[in-house]
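Here are a few exercises to work through with the model open beside you. Try each task before you read its solution.

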Amino acid sequence: MVRLADLPQAEREGHLNRIPTLPQFPTRPFVKGPALAQRRVAIVTTAGIHLRSDQPFDTGGAGIDYRVIPGDVAPADLVMSHASVNFDRTGFQSDWNVVFPLDRLKELVRDKIVGAVAAFHYSFMGAIPKIERYEPKARELAAMLRNDGVDAVLLSPV
Amino acid sequence: MSALGHYLEQEGIATVSISLIREHSAALSPPRALWVPFMLGRPMGVPNDPAFQTRVVLAALELLDRDAGPVLEDFTEDAPYEDLGDVPEALNCPVSFPRMRSDGSLGERLADEIAQLQAWHEVARKHNHGRTTLGVTGLSPLQLGVYLTAWLSDTLPAPYREGLVPAGALKLAADELKTFYYEAKAVQPGRHSPAQVLEWFWLDTAAGEAFVALRDMAANSADPGMKGIATLSLVPRAVMPLLAARQAGS
């Protein structure tokens, strides 16, 4: 079960039917920057994960807000409240890095392959019907990333 | 994910996306994306394999060095396994279980089942160095069972947390009880693939039976907020054929 063609029919059709509804982005922004060993990298995920003390995602709100995940977060502090039931959660329950690869990123910094890890990372909840609705929060997030000196973001879905 | 890539890049921050559905990334053309052939929910491939996860992360980050885009590349290495990987030590649960009761109400059977899984969940917590992903609702597993089965009675349960709409409260509680089951199942003997865990939960447990009843209750609810529970966010699409096959065979 790794490619769209391998998914059960209902799953496959759900994803294929979404394609005509996706927005067109008229511009093709492409920001260049320093070599990876000089970059400061943050993780932005749409896995709907957050600190246990945070407000859960799936509580009848707009679903486009984000949660801040401190860079020194402990694995025991992260939980998930994503609305969708149509993806595997056993992986995250067993090892957060399969969704939120913070330990791997820190190892790459230790090995001087990546320059630095951001002080803060961010989590949205994916699976909202109109992804254009992320725009205001994404632009707000960009300001926070700049304040943290971040010049590269690893975007990770579920 | 691709939309976030567009917006952040417009703001001057370079991005690279992991892509789980290549067709969506091809349609949205984010600045840089690495398609990975992994199941939904596992963007880094497999749990408990740091070397494999590092190859995925690095393959994605290396796309930041490209001079022009959009870039959509494929990660061609398949995930080495679908379960949770090697269990480093033999895990066992040092309690003897009474036989599960097959009679009694759904609420009674659910409470029995939860009580029996508690010991396994303790094993899971120790195995994961104290980590659990429970704790979203603040309810214990037994309280979750009572709360959920109350939805199937004539009297709606009292809210367990302020600020939640009823459907949202039900959804969070259902997800949390399922998390408890999944975490407990993960350390029981054998290697469990996600598909096996899914089948076990939905076809072999009182909890799965309760969830199907909750879905049916939500479908007949006058509360418009419950419609999403009935159609989208309680029973996975992959489970529908399993339930239909069981119903056809019964």
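**Exercise 1. Chain A from end to end**

How many helices and strands does the secondary structure of chain A come to?

Solution. Keep in mind that this is a predicted model. Start with the count: chain A has 4 helices and 7 strands. Next, put them in order; from the N terminus the elements go α-β-β-β-β-α-α-β-β-α-β. Now look at the overall dimensions. The C-alpha atoms of chain A fit a box of roughly 45 × 40 × 30 Å along the principal axes. For 158 residues, a compact globule would have a radius of gyration near 15 Å, and the 17 Å of chain A agrees with that. Finish with packing: 43% of the 158 residues in chain A are buried. Of the contacts in chain A between residues at least 6 apart in sequence, 80% join residues at least 24 apart.

**Exercise 2. The surroundings of β1(A)**

Work out which strands pair with β1(A), and in which sense.

Solution. Take the partners one at a time.

- β7(A) pairs with β1(A) in the parallel sense over 5 bridges, and A:V44 sits opposite A:L155 there.
- β5(A), residues 116-117, is also parallel to β1(A), with 2 bridges; here A:V41 faces A:V117.
- β6(A), residues 120-123, makes 2 bridges to β1(A), again in the parallel sense, with A:V44 opposite A:Y122.

Then ask how enclosed the strand is. Since 5 of the 6 residues of β1(A) are buried, β1(A) is largely enclosed by the rest of the structure.

**Exercise 3. Where the chains meet**

Describe the side of chain A that touches chain B, then find a strand pairing that crosses between the chains.

Solution. Begin with the tally: 76 residues of chain A are in contact with 80 residues of chain B. Now see where the chain A residues come from. The elements supplying at least two residues each are α1 (9-18), β1 (40-45), β4 (78-80), α2 (90-94), α3 (102-110), α4 (135-147) and β7 (152-156) of chain A. By type, that side of chain A divides into 43 nonpolar, 17 polar and 16 charged residues.

For the crossing, go to β7(A). It pairs with β1(B), residues 14-19, in the parallel sense over 4 bridges, and A:A152 stands opposite B:A14. So far as the predictor's scores go, the complex gets an ipTM of 0.96 and a pTM of 0.94.

**Exercise 4. The layout of chain B**

Sketch chain B, from its elements to its domains.

Solution. Chain B has 10 helices and 3 strands, and the pattern along the sequence is α-β-α-β-α-β-α-α-α-α-α-α-α. The domain assignment gives domain 1 (2-74) and domain 2 (106-249) of chain B. The centres of these two domains, taken over C-alpha atoms, are 32 Å apart. The C-alpha atoms of chain B fill a box of roughly 65 × 50 × 40 Å along the principal axes. Buried residues account for 46% of the 250 residues in chain B. As for confidence, chain B averages a pLDDT of 92, with 93% of the residues scoring at least 70.

**Exercise 5. A glutamate in a loop**

Is B:E82 buried or exposed?

Solution. First locate B:E82: it belongs to the loop between β3 (71-74) and α4 (106-127) of chain B. Then count neighbours. B:E82 has 20 other C-beta atoms within 10 Å, so it is buried. Now see what is around. Setting aside neighbours within four places in sequence, B:E82 contacts B:S193 and B:P194. The C-alpha atoms of B:E82 and B:V46 are 7.1 Å apart, though 36 residues separate them along the chain.

**Exercise 6. Backbone oddities**

Find a cis peptide bond and two residues other than glycine with positive phi.

Solution. Recall the usual case: most residues other than glycine have a negative phi, and most peptide bonds are trans.

1. The bond from B:G69 to B:P70 is cis, with omega near 5°. B:P70 is in the loop between α3 (50-61) and β3 of chain B.
2. A:A127 has phi near 70° and lies in the loop between β6 and α4 of chain A. With 19 other C-beta atoms within 10 Å, A:A127 is partly exposed.
3. B:S29 has phi near 45° and is placed in the loop between α2 (22-28) and β2 (32-35) of chain B. B:S29 has 17 C-beta neighbours inside 10 Å and counts as partly exposed.

Definitions and conventions:
Residues numbered from 1 in each chain as written. Chains lettered and ligands numbered in written order. Predicted model: local features only at pLDDT ≥ 70, side-chain atom pairs only at ≥ 80, totals over all residues. Domains from an automatic or database assignment. Contact = placed C-beta atoms within 7 Å. Nonpolar A, V, L, I, M, F, W, Y, C, P; charged D, E, K, R; others polar. Pairing = 2+ DSSP bridges. pLDDT = per-residue confidence, 0-100. Buried ≥ 20, exposed ≤ 12 C-beta atoms within 10 Å, placed from the backbone. Rg over C-alpha atoms; globule rule 2.2 N^0.38 Å.
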